[in-house]
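Grab a pencil and have a go at the exercises below. Try each task before you peek at its solution.

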Amino acid sequence: GVLEGCQSVIHLAADGRPSADFMADVLPSNIQATFHLLKEAERAKVKRVIFASTNHAQHGATMGDHPGRMSWTKLQQLGGAASICLSDPLGRTGPDSFYAVSKVFGEALGYLFSRVHESFEFVAL
């Protein structure tokens, strides 16, 4: 396989366009491709997978008017910073696009392979 002999994989590939069509672009490029990559990493006994996520996966509901800016007003309306639980990385999501949804999926799938299947270490950045 393509990952034979690899110790680590850095997964950066994705269609990150906010306007990307879910069925035509995001599903095959982000969701299915991530699944196939993680299955191959499991088969090849890769030790660590590093996954590029996005702030839009966790903070879409608090994003401001410009990319990368947080709206403190929106954060307060959601219960404030203390309402974001750091101990459960999948417990609080707020995707703002199909791209962000695909990143939430990637994080959850990595969690499954890492924690449930114990296939490899998974790091989402």
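Here come two exercises, each with a worked solution.

This is a predicted model, where local features need pLDDT of at least 70, side-chain atom pairs count only at pLDDT 80 or more, and totals for chains, interfaces and linings use all residues. Residues are numbered from 1 along each chain as its sequence is written, and side-chain values use heavy atoms, leaving out hydrogens and water.

**Exercise 1.** Work out how helices H1 and H4 are oriented to each other.

Solution.
- Step 1: find the helices, which are DSSP runs of H or I with at least four residues, numbered from the N terminus. H1 covers residues 22–43 and H4 covers residues 98–116.
- Step 2: get the angle, taken from 0 to 180 degrees between N-to-C directions of lines fitted to C-alpha atoms over the stretch in contact. H1 and H4 pack at about 15 degrees, with axes 10 Å apart.
- Step 3: angles under 35 degrees count as roughly parallel, so H1 is roughly parallel to H4.

**Exercise 2.** Find the salt bridge between Arg-17 and Asp-15, then say how buried or exposed each partner is.

Solution.
- Step 1: look for a side-chain nitrogen of Lys or Arg within 4 Å of a carboxyl oxygen of Asp or Glu. Arg-17 and Asp-15 fit, at 2.8 Å from N to O.
- Step 2: sort them by relative accessible area (buried under 20%, exposed over 50%, partly exposed in between; 1.4 Å probe, protein chains only). Asp-15 has 14%, so Asp-15 is buried. Arg-17 has 40%, so Arg-17 is partly exposed.
- Step 3: check Arg-17 again, since its side chain also meets Asp-25 in a salt bridge at 3.1 Å, N to O.

Terms used. Helices (H or I, at least four residues) and strands (E, at least two) are DSSP runs, numbered from the N terminus. Angles under 35 degrees count as roughly parallel, over 145 as roughly antiparallel, 65 to 115 as roughly perpendicular and the rest as oblique.
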